[in-house]
Amino acid sequence: MRAATIEEIKETATRMLREHGADLRFADIARDMGMTAPALYRYFADRDELLSALMVDGFQEMSDALTAALNAAAPDDLAGRIRAAAIAYRDFAKADPSRFSLLFGLPNPGFGRHSEHSSGPAAGATMASLERLVQSVLERGKLPTPLVRDVGPTWTSEAGTTAQRSDGVRIPADAYQALVHFLAAVHGFACLENFDHLNWISERSRDELFEAQIELLILAMGARPA
C-alpha cells in the first residue's frame, strides 16, 4: 500500500505540474488526494524530495526512449542512429513539456540531492544511452571522422581518448566531443521549442528546421546520409 500511495502522490504531482507549473505545494496535493498535508511527510521529506523523485522517473523514461530508438536503428549506421536519437529526444520534450521543464529548467539546489531520490545517476543513464549512439558503430570498426577534429588540451586531459562514462568502453576524444556537440544542438533546439522561443515560425517550419539540424549533425559527426 505504501508503494501504491507513493505512485499516486507522484501521479497527482505530475498532473498538477502540467496544470499549474512549478508552483506546487504539498497542501494542494494533499487536498486533491483527500489527505492532510502532514500525511504526505510520511512518504516524502519535503516538496524538493518529491520533485527529485519525479526527476528520477523522468530521466529514466528519457533514457528508455533513447535506448528504444537506438535499438531500432542499425548498429553500424551512424547517420540512422543520429536521426533516431535526435527525433526521440525532441519527441520526449514535446510529449510532456512540463516534465521536460522539470528536468532541464532553472536549477534548484534542493532538487536531485536527496539520498533516496538522487537524480544524478538517472541523468547519467540518459547520457550513457546517448553514448551508445556512437559506441556500436565504433565496435564494428567504422571509425567516424568528425568535421571538427581538433580537441582542446583540457578536454583531452579530462576525457582521455576517452573512457565511456558508463562502462569504460573507449571512445576517441574527437568522436566524444562530436557527441557532446550533438547533445548541445538537439537539447538547444528542444529548449527553444519547449520554452516557446520558436513561436514566431509555424510548426511545419519547425519540423523542417529540425530536419535540417539533423542533416547538419550527420555531417558534423562524420557520418553520411543513409
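## A helical protein seen from three residues, one helix and one pocket

Ala220 has a relative accessible area of 27% and is therefore partly exposed, a class that lies between buried (under 20%) and exposed (over 50%), computed with a 1.4 Å probe on the protein chains only. The model is predicted: local features need pLDDT of at least 70, side-chain atom pairs count only at pLDDT 80 or more, and totals for chains, interfaces and linings use all residues. Residues are numbered from 1 along each chain as its sequence is written, and side-chain values use heavy atoms, with hydrogens and water left out.

Ala220 belongs to helix H10, which covers residues 203–220. Helices here are DSSP runs (H or I, at least four residues; strands are E, at least two), numbered from the N terminus. Leaving aside residues up to four places away in sequence, Ala220 touches Pro146, Leu147 and Val148, where contact means heavy atoms within 4.5 Å. The C-alpha atom of Ala220 is also 8.7 Å from that of His181, a residue 39 places apart from Ala220 along the chain.

The protein as a whole contains 10 helices and zero strands. Of its 226 residues, 43% are buried. Among contacts between residues at least 6 apart in sequence, 71% join residues at least 24 apart.

Helix H1 (2–20) offers a detailed view of packing. H1 has 19 residues and spans 26 Å from its first C-alpha to its last, close to the expected 27 Å, the expected value being 1.5 Å times one less than the number of residues. Its buried residues are Thr5, Ile6, Ile9, Lys10, Thr12, Ala13, Met16 and Leu17. Viewed down the axis of H1, these residues fall within an arc of 165 degrees, so they line one face of the helix; the arc is taken from the directions between the helix axis and the C-beta atoms. This buried set packs against helix H2 (26–33), helix H3 (37–40), H4 and H6. On the face of H1 turned away from its buried side are the exposed residues Ala3, Ala4, Glu11 and Arg18. Gly21 follows H1 and has a positive phi, near 80 degrees.

Two of the helices that H1 packs against, H2 and H3, are joined by a loop that holds Met35. Met35 is partly exposed, because its relative accessible area is 25%. Its contacts, not counting residues up to four places away in sequence, are Ala30, Leu40 and Tyr43.

Helix H4 (47–71) contains Ser63. Ser63 counts as buried, because its relative accessibility is 6%. Beyond residues up to four places away in sequence, Ser63 touches Ala125, Thr126 and Ser129.

H1 and H4 meet again at the second largest pocket, for whose lining H1, H4 and helix H6 (97–104) each supply at least two residues. A pocket is an open set of points on a 1 Å grid over the protein atoms alone where a 1.4 Å probe fits, with protein on both sides within 12 Å along at least five of seven lines; lining residues have an atom within 4 Å of a point. The pocket holds about 230 Å³ of space. Its lining comprises 14 residues, with Thr14, Leu54, Asp57, Glu61 and Arg99 nearest the centre. H1 gives the most, six residues. By class, three lining residues are nonpolar, three polar and eight charged, with Asp, Glu, Lys and Arg counted as charged.

Notes
Grid points are joined across faces, edges and corners, and a volume is the space filled by probe spheres set on the points.
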